[in-house]
Amino acid sequence: MLLHIQQIFKRILLVGILTVFIFLGLANLSSAKVIAAVTQIGNPPEEIIYRSQVKLDDQSGKVWQVVLFKQVYLDQPSNINLRLVGFPGSAELIHPQPLRITTNTGKLWNANDIFLDAAPAPTVGQYDLTEILPQLPPESLTLSIPLPSTNFINIAVPIHVVKEWQSLISTEN
């Protein structure tokens, strides 16, 4: 009887330990570890869209979907846009306001806001990176979204995401 109780206790303890490790593993998942992949969608040859999509946290821990996409149309120049989508609870963005892109070494670019009047949702912003992306160095970046006050929402973009974005430059024009 005592042996049976010890075996049950060991099983419960093992299940408890495994549960703790699973939850610790899930809690340690950070957006910087997310590896995105460039995907191709569209209706070739009329339109092809190359897309890189990741989820990244801002400085207050709010999650943002960060989607860089390149639209390629038959017989037209391609364009590259960055769409930022805040999840519920994120700050409402104001339009039109440029997105500030800063490298760790202090270089700065301002990307034009695509939504001149209104966005599809209050927590969505889209910015033109067609001319900026080829200039970005392969290093970590900070995306700064202006708020109505003098504050910004800052989203850190890891170097592996920047390199993935730069791979879109060489895709079909």
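Two strands pair if DSSP finds at least two bridges between them. The exercises below apply this to a predicted model.

**Exercise 1. Which strand pairs with β4 over five bridges, and in which sense?**

Step 1. Take β4, residues 79–86.
Step 2. Its partner over five bridges is strand β7, residues 124–128.
Step 3. The sense is antiparallel.
Step 4. Check one bridge: Val-85 has Val-124 of β7 as its partner.

**Exercise 2. Describe the hairpin of β3 and β4.**

Step 1. Strand β3 covers residues 63–73.
Step 2. β3 and β4 run antiparallel and share eight bridges.
Step 3. Find a facing pair: Phe-69 stands opposite Asn-81 in β4.
Step 4. Five residues sit between the two strands.
Step 5. Look at Asp-75 in this hairpin: its phi is positive, near 60°. Most residues other than glycine have a negative phi.

**Exercise 3. How many helices and strands does the protein have, and in what order do they run?**

Step 1. Count the elements: two helices and nine strands.
Step 2. Read from the N terminus: α-β-β-β-β-β-β-β-β-β-α.
Step 3. Turn to contacts with a separation of 6 or more: 52% of them join residues 24 or more positions apart.
Step 4. Add burial: 35% of the 173 residues count as buried.
Step 5. Add surface: the accessible area is about 10,400 Å², and carbon and sulfur atoms hold 61% of it.

**Exercise 4. Which residues touch the most other members of the largest nonpolar core?**

Step 1. The core has 32 residues.
Step 2. Ile-101, Leu-143 and Trp-165 touch the most other members.
Step 3. Ask which elements give two or more residues to this core: β2 (47–57), β3, β4, β5 (99–103), β6 (108–111), β8 (141–146), β9 (152–157) and α2 (159–167).
Step 4. Follow Ile-101. Beyond four places in sequence, its contacts include Leu-108, Trp-109, Leu-129, Leu-136 and Leu-143.
Step 5. Move to α2. Its buried residues are Val-161, Val-162, Glu-164, Trp-165 and Gln-166.
Step 6. Their cover includes β2, β3, β4, β8 and β9.

**Exercise 5. Is Leu-93 buried or exposed?**

Step 1. Locate Leu-93: the loop between β4 and β5.
Step 2. Apply the cut-off: buried means under 20% relative accessible area. Leu-93 has 9% relative accessibility, so Leu-93 counts as buried.
Step 3. List what Leu-93 touches beyond four places in sequence: Trp-64, Pro-122, Thr-123, Val-124, Gly-125, Tyr-127, Ile-145 and Ile-153. Val-124 is also the bridge partner of Val-85.
Step 4. Compare chain and space: Leu-93 and Ala-121 are 28 residues apart along the chain, with 9.1 Å between their C-alpha atoms.

**Exercise 6. Which residues does the cis peptide bond with omega of about -10° join?**

Step 1. The bond joins His-95 and Pro-96.
Step 2. Pro-96 lies in the loop between β4 and β5. Leu-93 has its place in that loop too.
Step 3. Set this against the general pattern: most peptide bonds are trans.

**Exercise 7. Where is Lys-70, and what lies 3.1 Å from a polar atom of its side chain?**

Step 1. Lys-70 belongs to strand β3.
Step 2. Its relative accessible area is 2%, so Lys-70 is buried.
Step 3. The atom 3.1 Å from a polar atom of the Lys-70 side chain is the backbone oxygen of Leu-168.

How values were computed: Residues numbered from 1 in each chain as written. Predicted model: local features only at pLDDT ≥ 70, side-chain atom pairs only at ≥ 80, totals over all residues. Heavy atoms only, no water. Helix = DSSP H or I, 4+ residues; strand = E, 2+ residues; numbered from the N terminus. Core = buried A, V, L, I, M, F, W, Y, C linked by side-chain atoms within 4.5 Å. Buried < 20%, exposed > 50% of the residue type's maximum accessible area, 1.4 Å probe, protein only. Contact = heavy atoms within 4.5 Å. Areas by Shrake-Rupley, 256 points an atom, 1.4 Å probe, with all protein chains shown as cover. Polar contact = N/O pair within 3.5 Å; in protein donor to acceptor, adjacent residues only side chain to side chain.
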